[in-house]
There are 2 protein chains.
Amino acid sequence: MAKSKSKVGIGDIAREVNLSKTTVSYALRGKQDQVNLSPETVEKIHQAAKRLGYRPNYWARALVSKETKSVGVLFNDLTGSAAHEITRGIQEVLGFHGYETMLSVSFWEEAKCRKELKLMLEKRVDGIIATPQPICEDSYAAAVDEGVPVVFIGDYSVSSKIPSVVLDPEDAIYKLLNHLHQVGHRDIGFLTVDFNSPILTEREQVFKCGLKKLGLECKDNWIHRAELANEISVFENVRNLMSQEDRPSALVCISDPVAMQALGELARLEISVPDTLAVASIGNIEGSDHPFFSLTTVDECRVDLGREAARILLKKQDGSYNETPSIRIKGPLITRASTVGASLRPKR
Amino acid sequence: MAKSKSKVGIGDIAREVNLSKTTVSYALRGKQDQVNLSPETVEKIHQAAKRLGYRPNYWARALVSKETKSVGVLFNDLTGSAAHEITRGIQEVLGFHGYETMLSVSFWEEAKCRKELKLMLEKRVDGIIATPQPICEDSYAAAVDEGVPVVFIGDYSVSSKIPSVVLDPEDAIYKLLNHLHQVGHRDIGFLTVDFNSPILTEREQVFKCGLKKLGLECKDNWIHRAELANEISVFENVRNLMSQEDRPSALVCISDPVAMQALGELARLEISVPDTLAVASIGNIEGSDHPFFSLTTVDECRVDLGREAARILLKKQDGSYNETPSIRIKGPLITRASTVGASLRPKR
DNA sequence: CTGTTAGCGCTTTCAC
DNA sequence: GTGAAAGCGCTAACAG
């Protein structure tokens with residue numbers, strides 16, 4: 001029976017089997033070939049270890065071997081399935097290379113973000129993958145400064161040289177615009193949120209450029225900006241947009257959550273989608289495909305995002321490059337009922 | 001400027017300021033009063049530490065102080081907002097007591113679950129909070145065996161003596177049943193999933209008892225069981241239920257995700273909710289309150305779940321008790337349009 | 001007020 | 001084939 005908390009160490013095992021700590025250490029780590037241990041010895045050691053309830057001490061190991069084979073992953077948020085999918089992608093490639101992952105959340109709090117980052121550095125992680133929080137720029141920079149590579153995921157930073165992996169905004173917006181154009185829309189509005197994020201800003205800019213390239217007009221009063229994380233504000237903006245004399249026939253939303261709220265308000269206003277207003281956005285989040293509101297969107301490919309971020313870290317590790325190769329993943333357009341086909345809601 | 005990766009240790013600082021490692025150690029940890037250090041000395045040390053880019057080594061610290069003040073948190077899943085809220089609750093109380101949290105996910109994979117648990121033990125966490133995975137029972141038991149307390153969250157285990165914190169199934173189902181009864185329903189069906197989880201099983205049993213207590217009939221053909229994580233199966237079950245001669249006027253679903261899928265199918269079948277069929281469930285997950293389907297449900301109080309789990313661990317730590325006090329939290333009934341008020345969908 | 005001296009549990013030369 | 005010894009970076013008695 002395992003003994004409670006009474007730390008069994010490698011030394012105890014050595015004593016038990018009348019061998020040295022060295023031998024035990026090798027046997028326990030399966031490095032028997034490195035020193036040519038006899039199978040019986042190895043077996044005997046394993047037996048004893050099990051009998052005594054031995055449990056290796058991660059810290060002692062990390063301390064002496066001076067490496068942890070671990071990377072820290074810091075999310076701002078654990079809601080939705082983003083963290084799940086990103087982590088999946090990260091662990092898939094990192095796990096394959098023998099790396100362990102340390103997860104944490106900042107809840108969008110600056111102090112928490114800094115604290116978690118600091119903890120990761122103290123734990124001597126080999127790299128960090130994070131959903132960036134603009135205000136903590138300097139903390140990420142500090143990590144890089146200390147030789148711990150950082151990769152941003154889902155968004156990027158304009159002011160720092162930290163590499164990032166994001167869904168290609170240009171590609172995504174163009175896919176949306178082309179799709180809407182193809183199904184006959186010429187008057188396209190934009191609904192975004194009041195949050196100063198590089199990726200969101202870029203989506204907006206690309207939207208404007210895209211309209212021009214298609215030879216469409218980009219009216220200022222068709223671009224609305226709701227308050228962040230305030231659904232009431234989204235509702236209001238939708239109402240304002242639709243109460244204008246001159247209103248668009250299609251609406252591109254900055255992200256799925258916003259689009260889903262917009263669809264809700266449109267339903268309340270009894271505005272038929274997509275007949276009166278087609279709606280499309282970016283994300284393909286969990287729940288964006290539902291019989292009640294089936295949203296045309298560009299898939300963010302979050303598992304791929306995770307995979308690529310991990311690959312960058314791996315390459316940095318083995319010195320494959322010291323450049324900062326940001327990656328932009330192109331996601332597929334998912335065409336659904338909010339832009340084509342039967343009306344989303346039964347006619348009155 | 002911080003020096004890259006060239007590990008600055010406490011010794012380097014000591015040399016720099018011509019003091020002993022001990023003094024430096026105390027100063028750096030703010031334990032100056034324990035040994036009466038002069039403010040100047042402390043200041044000088046901090047200066048030097050900053051100048052050299054010193055970063056404490058978590059592992060070395062943990063190794064010698066033989067405590068980590070940390071608890072491991074293992075989720076089966078990171079989708080939805082459950083992990084977010086639970087973690088919030090946990091960190092709120094644990095953080096207050098100086099504990100750190102180590103997050104991880106098993107993705108419902110047995111091997112991953114065991115691996116993460118093992119890692120936590122090797123890292124010598126002081127406790128573990130986990131969403132149980134029935135098949136890994138023995139791994140949790142091993143932790144307890146080694147003196148590391150485990151608390152289950154969100155579900156429990158019938159075969160082990162591990163304490164748990166869950167939403168009270170009896171209370172929840174009764175609230176649902178009473179509500180439906182009050183608004184006039186006498187024929188109530190049940191839709192669950194084919195997953196052998198203690199908490200889900202208990203909800204079902206309580207449902208049956210509850211019906212009896214209300215003097216209502218519990219017809220076997222009103223209880224349906226869909227395949228786990230298979231929405232098609234939920235759809236089929238809803239169709240089957242509603243195509244019976246004799247069908248209920250209300251349906252209690254085992255959880256919000258199931259209820260939301262059911263509502264989708266009901267919409268397709270053009271069955272009006274709540275007029276023809278009222279729907280209610282348990283969870284109050286993100287997205288259960290939406291203009292398109294506003295679900296009556298019992299809030300799972302996930303932040304509270306996290307808080308309580310953390311409190312149990314804390315009490316175990318300081319030896320307040322060695323009993324296994326499982327906690328059942330009573331969540332409020334959230335009455336929404338799927339059971340009362342205007343029809344969820346506009347009439348045809 | 002500060003320094004000396006032991007380790008924590010483990011890995012890893014290097015010698016036998 | 002195996003072991004002795006020297007630390008990894010830090011803390012904590014116990015002396016001065």
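Which residues around DNA strand D come nearest? Of the 27 residues around the strand, these are A:Thr22, A:Val35, B:Ile10, B:Lys21 and B:Ser25, where a residue is near a strand if one of its heavy atoms lies within 4 Å of it.

The model is predicted: local features need pLDDT of at least 70, side-chain atom pairs count only at pLDDT 80 or more, and totals for chains, interfaces and linings use all residues. Residues are numbered from 1 along each chain as its sequence is written, and side-chain values use heavy atoms, with hydrogens and water left out.

The surface near DNA strand D holds 11 nonpolar, 11 polar and 5 charged residues (Ala, Val, Leu, Ile, Met, Phe, Trp, Tyr, Cys and Pro count as nonpolar, Asp, Glu, Lys and Arg as charged, the others, Gly among them, as polar). Its largest share, 4 residues, comes from α2(B) (helices are DSSP runs of H or I, at least four residues, numbered from the N terminus). Of the strand atoms within 4 Å of the protein, 68% belong to sugar or phosphate and the rest to bases.

Distances from side-chain N or O atoms to phosphate oxygens of DNA strand D (polar contact: a pair of N or O atoms within 3.5 Å):

| Residue | Distance |
|---|---|
| A:Thr41 | 3.4 Å |
| A:Lys66 | 2.6 Å |
| B:Arg61 | 2.8 Å |

Elsewhere in chain B, helices α9 (residues 169-182) and α10 (residues 198-213) pack at about 45°, with axes 9 Å apart (axes are lines fitted to C-alpha atoms over the stretch in contact, and angles run from 0 to 180 degrees between N-to-C directions).

Definitions and conventions:
Chains lettered and ligands numbered in written order. Polar contact = N/O pair within 3.5 Å; in protein donor to acceptor, adjacent residues only side chain to side chain. Helix = DSSP H or I, 4+ residues; strand = E, 2+ residues; numbered from the N terminus.
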